[in-house]
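Biologist: Please give me a close look at a single part of this model, the contact between the chains, and set that part in its context. I would like one connected account that I can follow with the structure open beside me.

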Number of protein chains: 2
Amino acid sequence: MRPSKRDELVRKAQVIFYRDGFHATGMDALVAETGISKTTMFKHFRTKDDLILAVLRYRDETFRNWFFRKLDDAALPPRQRLLAVFDVLREWFEEPAFKGCMFIKASAEFQDPQNPAYIQSAEHKRLLKTAFREMAEEAGVSNPDLLARQLLLLKEGAIVAAHMGFDPDPAGAAKTAAEVLITAQLES
Amino acid sequence: MRPSKRDELVRKAQVIFYRDGFHATGMDALVAETGISKTTMFKHFRTKDDLILAVLRYRDETFRNWFFRKLDDAALPPRQRLLAVFDVLREWFEEPAFKGCMFIKASAEFQDPQNPAYIQSAEHKRLLKTAFREMAEEAGVSNPDLLARQLLLLKEGAIVAAHMGFDPDPAGAAKTAAEVLITAQLES
DNA sequence: TCTTTTATGTACCGATCTGTTCAGTTTTGC
DNA sequence: GCAAAACTGAACAGATCGGTACATAAAAGA
């Protein structure tokens with residue numbers, strides 16, 4: 001197992017960055033909590049920014065895998081599959097370690113559109129949008145692109161609401177809204 | 001005009017924090033860009049965190065004033081007033097200086113629920129939710145609280161989408177979704 | 001005008017930041 | 001079992017962090 005230390009670092013750093021933030025987490029804090037020496041960290045990653053980018057790529061992969069795996073396992077017909085998005089969201093929100101969306105936070109801390117972390121974050125959302133549109137197409141709605149965009153707005157809004165705690169059940173409110181939007185498109 | 005320097009500092013710091021982020025902006029950078037000496041800054045605010053909190057309070061006040069002033073000036077009937085929310089949002093998104101929601105970003109950088117900046121950010125959203133619910137009640141929908149929550153999800157989602165650039169017209173998508181949700185509640 | 005308040009500039013403090021150096025230890029492949 | 005690769009620990013560099021000290025200058029109130 002050659003690249004194990006590198007993977008271990010990315011995995012552990014992801015948890016810490018997610019919990020404490022990117023700027024707020026120093027390399028020394030990573031050393032203390034991961035048990036991996038600073039020398040090794042800078043051997044695998046030239047800069048902290050490089051590590052952050054690797055963490056974001058890892059997060060993108062694991063999050064989408066987890067999310068769509070959940071949807072696949074439910075094995076639902078297209079319309080129910082679209083709605084199940086918000087059930088999976090609720091599961092996520094109820095995890096004790098839930099702290100909002102890592103990519104929203106990354107784009108908040110690295111606002112320059114040229115910044116690789118910002119670009120990677122936008123790419124994550126773009127991939128989700130594409131997946132949503134495919135699901136909307138399979139459901140046979142009249143305007144799948146618009147529906148996908150609207151469901152994505154509900155999803156992002158629900159994440160923000162869950163993180164900031166201004167709604168008791170954002171996933172539920174989003175799901176009932178999604179039901180209305182889907183039904184309206186199927187009837188027209 | 002006694003407290004003019006203090007107000008000037010809050011006003012200018014708000015622009016800089018909004019543009020560059022809280023952690024990423026050092027006090028020396030504020031000195032350089034505002035032209036106000038560091039001695040004066042720390043005479044008015046004991047710590048940087050105190051300044052940040054004052055900035056967030058100022059932003060909360062000015063943003064809500066601007067937002068609802070825009071709605072008031074349109075002088076629309078209840079249903080149109082609810083929809084106009086998303087027209088005002090689009091105006092905001094199209095401003096060159098638009099960089100997302102300052103409170104979403106603040107809660108991303110200060111994640112501790114005990115942190116005053118986090119609390120202030122959540123309070124801002126709570127105030128918006130209350131205002132939305134009152135507007136929904138005036139529109140005579142069957143479930144004004146649910147509708148207000150759903151419109152708020154659309155609004156927050158649209159802000160995130162506009163900031164991260166994964167939707168060409170988030171305000172438009174949100175508005176059409178809002179139309180469907182409002183109509184559905186008025187028919188039932 | 002004289003006094004009090006308010007703001008400035010600069011130098012400085014200790015802590016922390018990212019990143020490096022280097023000598024020694026552990027692990028791995030053969 | 002031996003050489004090469006990977007990892008460690010600790011010290012260190014230079015910059016920057018939030019925040020202070022202090023002496024001077026501007027400004028405002030009486």
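Modeller: Of the 188 residues of chain A, 35% count as buried, and this figure, like everything that follows, comes from a predicted model. Chain A has nine helices and zero strands, so that the order of its elements, read from the N terminus, is α-α-α-α-α-α-α-α-α. Along its principal axes, the C-alpha trace of chain A spans about 60 × 35 × 35 Å. Among the contacts in chain A with a separation of 6 or more, 59% are between residues 24 or more positions apart.

With that background, we can turn to the part you asked about. The contact between the two chains takes 40 residues from chain A and 40 residues from chain B. On the side of chain A that touches chain B, at least two residues each come from α6 (102-109), α7 (116-138), α8 (144-164) and α9 (170-187). Of these contributors, α8(A) gives the most, with 13 residues. Sorted by class, this side of chain A has 19 nonpolar, eleven polar and ten charged residues.

The relation between the copies can be described by a superposition, in which a turn of 180° and a shift of 0.0 Å along the axis lay chain A on chain B with an RMSD of 0.0 Å. The two copies are therefore related as by a two-fold rotation axis. In chain A, the C-alpha of Gly157(A) is the one nearest that axis, at 2.0 Å from it. The interface residues of chain A are also interface residues in chain B, in 100% of cases, and so the copies meet through the same surface.

To complete the context, there is also the surface near DNA strand D, where 16 residues surround the strand. The closest of them are Lys5(A) and Thr39(A) from one chain, and Gly26(B), Thr47(B) and Lys48(B) from the other. Here at least two residues each are supplied by α3 (38-44) of chain A and by α2 (27-34) and α3 (38-44) of chain B, and α3(A) gives the most, with four residues. By class, the surface near DNA strand D has four nonpolar, six polar and six charged residues, whereas the side of chain A that touches chain B has 19 nonpolar, eleven polar and ten charged ones.

Methods
Residues are numbered from 1 along each chain as its sequence is written. Chains are lettered from A and ligands numbered from 1 in the order in which they are written. This is a predicted model: local features need pLDDT of at least 70, side-chain atom pairs count only at pLDDT 80 or more; totals for chains, interfaces and linings use all residues. A residue is near a molecule or strand if its C-beta atom, placed from the backbone, lies within 6 Å of it. Ala, Val, Leu, Ile, Met, Phe, Trp, Tyr, Cys and Pro count as nonpolar, Asp, Glu, Lys and Arg as charged, and the others, Gly among them, as polar. Two residues are in contact if their C-beta atoms, placed from the backbone, lie within 7 Å. Copies are superposed by least squares on the C-alpha atoms of residues with pLDDT of at least 70 in both. A residue is buried if 20 or more other C-beta atoms lie within 10 Å of its own, exposed if 12 or fewer, and partly exposed in between; C-beta atoms are placed from the backbone.
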